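Here's a quick briefing to read alongside the model. Have the sequence open while you go through it.

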Amino acid sequence: MLVNAKEMLEKAYEHGYGIGQFNINNLEWTKAILEACQEKNTAVILGVSEGAKKYMGGFNVVAQMVKAMDKDLGITVPVALHLDHGSYDAAKEAIEAGFTSVMFDGSSLPLDENLEKTREIVELAHSKNISVEAEVGGIGGEEDGVTSQGELANPEECKQLVDCGIDFLAAGIGNIHGVYPKDWKGLNFDRLEEIKEAVGKIPMVLHGGTGIPEEQVKKAIELGVSKININTECQIAFTKATREYFEEEKDKLSKGYDPRKVLKPGFEAIKDIVKQKVDFFDGANSADK
């Protein structure tokens, strides 16, 4: 049974560890992440972007697949199915499809419109026991065609967004999506502290978790970040393992063309990354807390 992300993130905030959001792209990715988190005994958030939704066939397909897999694999740790960087319409669609958590990303809109639509999504989602994430201040890089320079979030705007009733907050603190450039300046902890002071005790979200140095992630968790999003790192690991399978010509061995064999190295690579990140976030065995 899937749950919303509110309780798991509040526990993480209280006990000082992080919960990973790992984005899914197909059945193999979902299974790898669920199995890894079950083995590590940690709650997990499965992220689904609008691009991934289109790739997998729709929100209903994704929701039914995840619910069935969670049941049939005998997963006992808390699992939330979360819309990542959703538009207003996508958030409503995901809610109707059975997602247990949604992110409405109105950060590219004028502030008043962002606040108004966030309130509407909060009211709808909370009426169905669904958690809500929202964002102010752009996250750098590119996500489903939306590009941001990664401006720092304004603490007062963060407070206004939190006052809309959201359950956790995404705010730009210098983080970016994708691979970090060599000249990246790092996370802005002064701004993170200012935001924390403005919004009070609410779990915060670190988008673009791939490539941020361990000491910076740990400091962010100490300052109230409870949800860390990982996607690019899993994609890179999956692609590398799959490339090596073909470079070693394993597809030419007995039934090496079987897609179950072709995808297995990438599947295992994702599991390894997820387990490493859970340890990295101090989340192992946190499901018992």
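What follows covers the overall build, the cores, one helix and two backbone oddities.

This is a predicted model, where local features need pLDDT of at least 70, side-chain atom pairs count only at pLDDT 80 or more, and totals for chains, interfaces and linings use all residues. Residues are numbered from 1 along each chain as its sequence is written, and side-chain values use heavy atoms, with hydrogens and water left out.

**Overall build**
- The protein chain holds 11 helices and 10 strands; these are DSSP runs (helices H or I, at least four residues; strands E, at least two), numbered from the N terminus.
- The radius of gyration is 18 Å, which agrees with the value near 19 Å for a compact globule of 289 residues; the radius is taken over C-alpha atoms, and the globule rule is 2.2 Å times the number of residues to the power 0.38.
- Along the principal axes, the C-alpha trace spans about 60 × 45 × 40 Å.
- Of the 289 residues, 55% count as buried (under 20% relative accessible area; exposed is over 50%, partly exposed in between; 1.4 Å probe, protein chains only).
- Take the contacts (heavy atoms within 4.5 Å) with a separation of 6 or more: 73% of them are between residues 24 or more positions apart.

**Nonpolar cores**
- A nonpolar core is a set of buried Ala, Val, Leu, Ile, Met, Phe, Trp, Tyr and Cys residues joined through side-chain atoms within 4.5 Å.
- The largest one has 82 residues, and Ile-24, Phe-99 and Leu-169 have the most contacts inside it.
- Helix H11 (residues 259-280) gives the most to this largest core, with seven residues.
- Another core, of 13 residues, lies apart from the largest one; among its members are Leu-9, Ile-19, Ala-43 and Ala-80.
- Leaving out residues up to four places away in sequence, Phe-99 touches several others, including Val-48, Phe-59, Leu-81, Ala-94 and Ile-130.

**Helix H5**
- H5 (residues 88-97) has Tyr-88, Ala-90, Ala-91, Ala-94, Ile-95 and Ala-97 buried.
- Those buried residues pack against helices H3 (50-56), H4 (59-72) and H6 (111-126), plus strands E3 (79-86) and E4 (101-104).
- Gly-98, just after H5, takes a positive phi of about 110 degrees.

**Positive phi outside glycine**
- Most residues other than glycine have a negative phi.
- His-85 has a positive phi near 50 degrees; this residue lies in strand E3 and counts as buried because its relative accessibility is 10%.
- Lys-255 has a positive phi near 55 degrees; this residue is in the loop between helix H10 (232-247) and H11 and is exposed, with a relative accessible area of 54%.
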